[in-house]
Each structure stands twice: as structure tokens, then as C-alpha cells.
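Trainee: I would like a close look at a single part of this protein. Please take me through the sheet and what packs around it.

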Amino acid sequence: MGAHEYLEKYVRSMPGGSIAWERSIFTRSGQWDPVELIDAAVDIAWDAFMDVSGLERLGLEISQSGNYLEIRPLSVRNDNFLSLAA
């Protein structure tokens, strides 16, 4: 079992459409470096959030939510910013 398969066992769906893992999963495995596990978590998130027809990888927002490391698609809001910039 690789880091990717290890994390797939523990992934959770969160309210708002994000995915998360308990933070302790990244330090207690003993087999993988935490950086390798974060890399695998980002790969899992891209797979989960990527549009099948998308040509490029979307941005992800990674945050701590209580005892969880949470990953969600990066939301970019216009809020009329572009018209103000012109």
C-alpha cells in the first residue's frame, strides 16, 4: 500500500463540498514522510474536484478546521473587482 491508498482509507467528506483528513494521520503513519502524504492528499483532491473536461488543474485551498486538514477548490469571487480595476 502506498501513501495514496493509505490516505484514501481515511478521507472524509465535509460540509460545503470539501474533503478532509484528521491531522494526526499525517504524523502517525511511520511509513511515509508527512510531505509525501500532503502531496498524495493534494493529488486525491485534484482527482475529486477536477472537471473531466478541464484542461488544467484548479487551485486548491488547504486549511486547518479543528482537528482536520481540509482541502477545497479555491473560490475566486469577482465582487465587481474587475470593473473597478479598469
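Mentor: Here is the sheet, followed by the helices beside it.

The model is predicted: local features need pLDDT of at least 70, side-chain atom pairs count only at pLDDT 80 or more, and totals for chains, interfaces and linings use all residues. Residues are numbered from 1 along each chain as its sequence is written, and side-chain values use heavy atoms, with hydrogens and water left out.

Start with the parts. The protein has four helices and four strands. Helices (H or I, at least four residues) and strands (E, at least two) are DSSP runs, numbered from the N terminus. From that end, the elements run α-β-β-α-α-β-β-α.

Now the sheet. The four strands form an open sheet, ordered β1-β2-β4-β3, with antiparallel pairing. β1 (12-13) and β3 (60-65) are the edges; each has a single partner strand, so one side of each lacks a neighbour in the sheet. Two strands count as paired if DSSP finds at least two bridges between them. Strands of a sheet pair through backbone hydrogen bonds, either parallel or antiparallel.

Look closely at β3. Its antiparallel pairing with β4 (residues 68-73) spans six bridges. L60 has P73 in β4 as its bridge partner. β3 and β4 form a hairpin with two residues between them. In that turn, G66 has a positive phi of about 65°. S65 stands opposite Y68 in β4. Helix α3 (residues 34-49) packs on the sheet and touches β2 (19-22), β3 and β4. Contact means heavy atoms within 4.5 Å. The direction of α3 makes about 40° with that of β4. Axes are lines fitted to C-alpha atoms, for helices over the stretch in contact, and angles run from 0 to 180 degrees between N-to-C directions.

Next comes α1 (residues 3-10). A3, Y6 and L7 are buried there. These three cover an arc of only 90° around the axis, which puts them on the same side of α1. The arc is that of the directions from the helix axis to the C-beta atoms. Buried means under 20% relative accessible area, exposed over 50%, partly exposed in between (1.4 Å probe, protein chains only). The buried residues of α1 pack against β2, α2 (25-28) and α3. So β2 is touched by α3 and also packed against by α1.
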